[in-house]
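Reader: I have the model open and would like to talk through its pockets and its surface. Could you take me through the reasoning behind each label?

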Amino acid sequence: MIGITATAVGLFFGFYILYLLSGWAFSRFHDRWHMRELWDWAAVPMLFLIISLISIFAQPLGSTFSRQLEHNADVYGLEVTHGINANSQEAGAHAFQVLGELGLSYPYPSDLVVFWYADHPPIPDRVRFAHQYDPWSKGEQPKYVK
C-alpha cells in the first residue's frame, strides 16, 4: 500500500512538473519548432523529451524509496523466521546469497549504480545485514514482530 501511495504522489508531482515545463518550453520554442498549440502533434516530441528528463532525475528518488521498502521487508522476514529456524540469521543470509546467484545479480555494484538504478539492496549488504540483525540478544524490541 505504501508503494502504491508513493507512486500516486510521485505521478502527481511528475505531471505537475511536466505541466510547468511544457508551458515554459512551448512559450519559448513554439515558433522555432513550428507548434501552433501545446496539444498539436508537433508538440509530442517536446513532451517526450520533457518526460524523459523528468524520469532521468526521478529515478534515484524512486530507487532509494524502493530499496528502503525492500530493506524493511528483509527485517520483517528475519523477524518472522526467528525461532522457527535453528539459526534464522544464517538461513536468511543463505537465502539472500541463493537469490543473488539465481537472479544473476552483480555481486559488487558501484555506489553510483546502486544509487541510480538498484531497487533492491545489493546482495552483499543483505547478507551482511542478515548476519548482524539480532535485536533479541541485545534485549531490544524487534521492529515488526513483537
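Author: Happy to! This is a predicted model, and its largest pocket has a volume of about 650 Å³. Lining that pocket are 22 residues, with Thr 7, Gly 10, Leu 11, Ala 58 and Leu 61 closest to the centre.

Reader: Which helices supply at least two residues each to the lining of the largest pocket?

Author: Those are helix 1 (2-29) and helix 2.

Reader: How do the residues of that lining divide into nonpolar, polar and charged?

Author: The lining of the largest pocket holds 14 nonpolar residues and eight polar ones, with no charged residues. Gly counts as polar here, so Gly 10, one of the residues closest to the centre, falls in the polar group.

Reader: What is the volume of the second largest pocket, and what lines it?

Author: The second largest pocket encloses about 260 Å³. Its lining has 14 residues, and nearest the centre are Ser 105, Ala 118, His 120, Pro 121 and Pro 122. Helix 3, helix 4 (111-116) and helix 5 (123-132) each give two or more residues to this lining. By type, the lining has nine nonpolar, three polar and two charged residues.

Reader: Now to the surface: why is Ile 84 called exposed?

Author: Exposed means over 50% relative accessible area. Ile 84 has 64% relative accessibility, so Ile 84 counts as exposed. You will find Ile 84 in the loop between helix 2 (44-81) and helix 3 (88-102).

Reader: Which residues form the nonpolar patch on the surface?

Author: Ile 84 belongs to that patch together with Tyr 76, Val 80, Tyr 144 and Val 145, and their accessible area together is about 450 Å².

Definitions and conventions. Residues numbered from 1 in each chain as written. Predicted model: local features only at pLDDT ≥ 70, side-chain atom pairs only at ≥ 80, totals over all residues. Heavy atoms only, no water. Patch = residues over 30% accessible without salt bridge, like charges linked within 9 Å, V, L, I, M, F, W, Y side chains within 5 Å. Areas by Shrake-Rupley, 256 points an atom, 1.4 Å probe, with all protein chains shown as cover. Salt bridge = Lys/Arg side-chain N within 4 Å of Asp/Glu carboxyl O. Helix = DSSP H or I, 4+ residues; strand = E, 2+ residues; numbered from the N terminus. Buried < 20%, exposed > 50% of the residue type's maximum accessible area, 1.4 Å probe, protein only. 1 Å grid on protein atoms, 1.4 Å probe; cavity = no way out; pocket = protein on both sides within 12 Å on 5 of 7 lines; lining within 4 Å. Points joined across faces, edges and corners; volume = space filled by probe spheres on them.
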